[in-house]
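Please walk me through the structure shown below, one question at a time, as if I were seeing it for the first time.

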Amino acid sequence: MGGFFSTSITETFLGLRDLFFPRRCVVCGKTLDGEEQDLCTDCLEELPLTYQWDIVQNAAFERLARRFEVEAAASLFFFGSESDYRKIIYGIKYGGRRALACRMGYLLGSYLAGSREFRRCQAVVPVPLHPLRRWKRGYNQAEAIAQGVAEALTLPLETHLLHRSRYTKTQTRLRDEAKTKNVQGAFRPDPGRVDNLQQQGIRYLLLIDDVLTTGSTLAACADPLTAAGFRLSCATLAFAG
Ligand SMILES: [Zn+2]
């Protein structure tokens with residue numbers, strides 16, 4: 001009896017919420033049904049997955065391996081310039097859609113969980129945002145993605161290891177060479193956290209960012225971590241072609 005009432009009350013509430021505040025698919029804009037979250041069923045099914053977690057020498061790995069020693073790398077979906085799936089990244093980056101970032105991170109983490117390549121990872125580390133930009137944006141999108149990834153992999157989320165020591169320009173509008181210069185030396189590991197992780201026997205880290213473009217941001221994070229003795233794998237939501 002109680003079950004019946006609580007179900008119908010929940011349904012009524014969700015129905016009313018959707019009536020007054022229609023939720024829309026972030027990709028196609030269609031009104032979402034009660035069960036759907038962020039993406040409609042069709043857009044979720046058609047998400048252009050990379051399947052890089054099943055391929056050792058994939059495009060993400062090769063792009064990063066040119067810059068630093070990387071164990072494994074994968075992105076969740078392709079990010080074409082014409083694709084409406086770009087809107088997922090815009091929503092996460094500029095639309096303050098934290099829950100969307102966590103859910104997409106969880107999806108990425110579920111694929112990584114089934115991959116041999118990522119089995120050695122012991123902790124999840126998001127690319128940090130400078131405190132000023134974090135304040136402007138309201139949250140660090142890489143951290144929200146990493147939270148979902150860590151949950152799916154049942155690994156600890158390590159947010160105090162890396163710090164952004166310089167305020168850098170946003171990478172989006174810079175040319176490749178300028179991107180590398182812009183972020184070089186921008187990240188520093190916290191020596192106390194390095195010792196603490198090493199005492200726990202944590203050596204393999206999984207670095208998380210929203211988009212893999214040139215790989216310069218991940219490389220700038222990887223260099224000081226590798227120098228501190230860590231081995232790194234990387235994962236991002238989107239892979240920019
Ligand atoms: Zn849709």
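Q: In which sense do β1 and β6 pair, parallel or antiparallel?
A: This is a predicted model, and what follows describes that model. Along the pairing of these two strands, S75 of β1 stands opposite T236 in β6. Seven bridges join β1 and β6, and the sense of their pairing is parallel.

Q: Which residue has a side chain joined to that of S75 by a polar contact?
A: S75 touches residues including W53, L108, T236 and F239, once residues up to four places away in sequence are set aside. One of these, standing opposite S75 in β6, is also its partner across the strands. The polar contact between the two side chains spans 2.8 Å, and the residue that S75 meets in this way is T236.

Q: Why does S75 count as buried?
A: S75 belongs to strand β1, and the label depends on its relative accessibility, for which the cut-off is under 20%. S75 counts as buried because its relative accessibility is 0%.

Q: Which residue is the bridge partner of V211 in β6?
A: The strand β6 is mostly covered, with nine of its 10 residues buried. It runs parallel to β5, and eight bridges join the two. For V211, the bridge partner in β6 is A238.

Q: Which residues touch the most other members of the largest nonpolar core?
A: This core has 42 residues, and β1, α4, α5, α7, β5 and β6 each supply at least two of them. As an example of the surroundings of one member, L206 is in contact with residues including L112, F118, V149 and A235, leaving aside its neighbours within four places in sequence. The members that touch the most others are F77, I88, L112 and L206.

Q: Which residues of helix α4 are buried?
A: Helix α4 covers residues 86–93, and its buried residues pack against β1, α5, α6, α7, β5 and β6. In general, nonpolar side chains tend to be buried together in soluble globular proteins. The buried residues of α4 are I88, I89, G91, I92 and K93.

Q: Which residues coordinate the zinc ion?
A: The site of the zinc ion is tetrahedral, with angles of 102 to 116 degrees among its four donor atoms, and the donor residues are spaced C-x2-C-x11-C-x2-C in sequence. Two of them link distant parts of the chain, since C25 lies in the loop between α1 and α2 while C43 lies in helix α2, 18 residues apart. Both C25 and C43 are buried. Through their SG atoms, at 2.3 Å, the zinc ion is coordinated by C25, C28, C40 and C43.

How values were computed
Residues are numbered from 1 along each chain as its sequence is written. This is a predicted model: local features need pLDDT of at least 70, side-chain atom pairs count only at pLDDT 80 or more; totals for chains, interfaces and linings use all residues. Side-chain values use heavy atoms; hydrogens and water are left out. Donors are N, O and S atoms within 2.8 Å of the metal (3.2 Å for Na, K and Ca); water is not among the atoms, so sites may look incomplete. Four donors count as tetrahedral if all angles lie between 85 and 135 degrees; four count as square planar and six as octahedral if opposite donors are over 155 degrees apart and all others between 65 and 115; anything else is irregular. Helices (H or I, at least four residues) and strands (E, at least two) are DSSP runs, numbered from the N terminus. Buried means under 20% relative accessible area, exposed over 50%, partly exposed in between (1.4 Å probe, protein chains only). Contact means heavy atoms within 4.5 Å. A nonpolar core is a set of buried Ala, Val, Leu, Ile, Met, Phe, Trp, Tyr and Cys residues joined through side-chain atoms within 4.5 Å. A polar contact is a pair of N or O atoms within 3.5 Å; within protein, one must be able to donate a hydrogen and the other to accept it, and residues adjacent in sequence count only if both atoms are side-chain atoms. Two strands pair if DSSP finds at least two bridges between them.
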